[in-house]
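Subject: Structure for you to look at

Dear colleague,

I am passing on the structure we spoke about, and I would be glad if you could open it alongside this message.

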Amino acid sequence: DGNYNKESEWFVFDGLILSVEKNAKLQNATSPIANLGEYSLKLSGTASNWYVGGMGTLPQIDATGYQSFDADIYGTGPTSGKLKVELYDDDNNNKDVEVDSSWKPTFDDSFVTEINIDWTGWKRVSIPIKDFKIEGKGNKVWDPNTNNASGGLAKIQLIAIASTEKSAVKFNIDNLELGVS
């Protein structure tokens, strides 16, 4: 929607720099992607020990029927960087994700995957949740519902990782979605 801090408010942490960019300005802006918007979110920043920073949101929604993470990603070549996706379900139903000193959930699950952005131009990426690595100390099941068994999808985090230990990341994202297939 051209604004990452309103209506689906996202928080930003560490060295990640976010900016809204017109898609028409991007190289190869013509795209076969059907729903590419007028704007996308540019993620940039310089790494320290591969890590740049991240962004997240606390949707607190019932995401039971969703089976994939989908996004349109604009890469700037082989050194664009990586996007680490973390989805947290709330297994102890308290609308919070408690973590230990290494940032792993102590009562809930996190579903984690990394996307190596090594292409130039727009690409639609769809990753089945069943292909995500499961971390944390929850029940090890994708069950982000809001009934009394679980508190729903508690948190989403996107983390930028560089392609080398001290390089920069630079890529754009649009149409972040949870998919049904």
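Below I go through the core, one of its strands, a pocket and a loop, in that order.

Please keep in mind throughout that this is a predicted model.

The core. The largest nonpolar core is made up of 33 residues, and the ones with the most contacts inside it are Leu 43, Ile 73, Leu 83, Leu 87 and Ile 115. At least two residues of this core come from each of β3 (39–46), β4 (51–57), β5 (68–76), β6, β7 (109–117), β8 (120–128), β10 and β11 (168–179). There is also a second, separate core of five residues, among them Leu 26, Ile 33, Leu 36 and Trp 122. To return to Ile 115, if neighbours within four places in sequence are left aside, this residue is in contact with Phe 69, Ile 73, Gly 81, Lys 82, Leu 83, Val 85, Val 125 and Ile 127.

The strand β5. Eight of the nine residues of β5 are buried, so this strand is largely enclosed by the rest of the structure. β5 pairs with β8 in the antiparallel sense over nine bridges, and Asp 72 has Arg 124 as its bridge partner in β8. β5 is also joined to β11 by seven bridges, and these two strands run antiparallel; here the bridge partner of Asp 70 is Glu 177 in β11.

The pocket. The second largest pocket holds about 290 Å³ of space. It is lined by 16 residues, of which Glu 86, Tyr 88, Trp 103, Gln 157 and Ile 159 are the closest to its centre. Both β6 (81–89) and β10 (153–161) supply at least two residues of the lining, and β10 gives the largest share, with four residues. Sorted by class, the lining of this pocket has eight nonpolar, five charged and three polar residues.

The loop at Gly 15. Is Gly 15, which sits in the loop between β1 (11–14) and β2 (17–22), buried, exposed or partly exposed? Its relative accessible area is 34%, and because buried means under 20% and exposed means over 50%, Gly 15 counts as partly exposed. Not counting residues up to four places away in sequence, Gly 15 touches Ser 44, Gly 45, Val 52 and Gly 53. Gly 15 and Ala 47 are 32 residues apart in sequence, while their C-alpha atoms are 7.8 Å apart in space.

With best wishes

Note on methods:
Residues are numbered from 1 along each chain as its sequence is written. This is a predicted model: local features need pLDDT of at least 70, side-chain atom pairs count only at pLDDT 80 or more; totals for chains, interfaces and linings use all residues. Side-chain values use heavy atoms; hydrogens and water are left out. On a 1 Å grid over the protein atoms alone, a cavity is a set of points where a 1.4 Å probe fits but cannot get out, and a pocket is an open set with protein on both sides within 12 Å along at least five of seven lines; lining residues have an atom within 4 Å of a point. Grid points are joined across faces, edges and corners, and a volume is the space filled by probe spheres set on the points. Ala, Val, Leu, Ile, Met, Phe, Trp, Tyr, Cys and Pro count as nonpolar, Asp, Glu, Lys and Arg as charged, and the others, Gly among them, as polar. A nonpolar core is a set of buried Ala, Val, Leu, Ile, Met, Phe, Trp, Tyr and Cys residues joined through side-chain atoms within 4.5 Å. Buried means under 20% relative accessible area, exposed over 50%, partly exposed in between (1.4 Å probe, protein chains only). Contact means heavy atoms within 4.5 Å. Two strands pair if DSSP finds at least two bridges between them.
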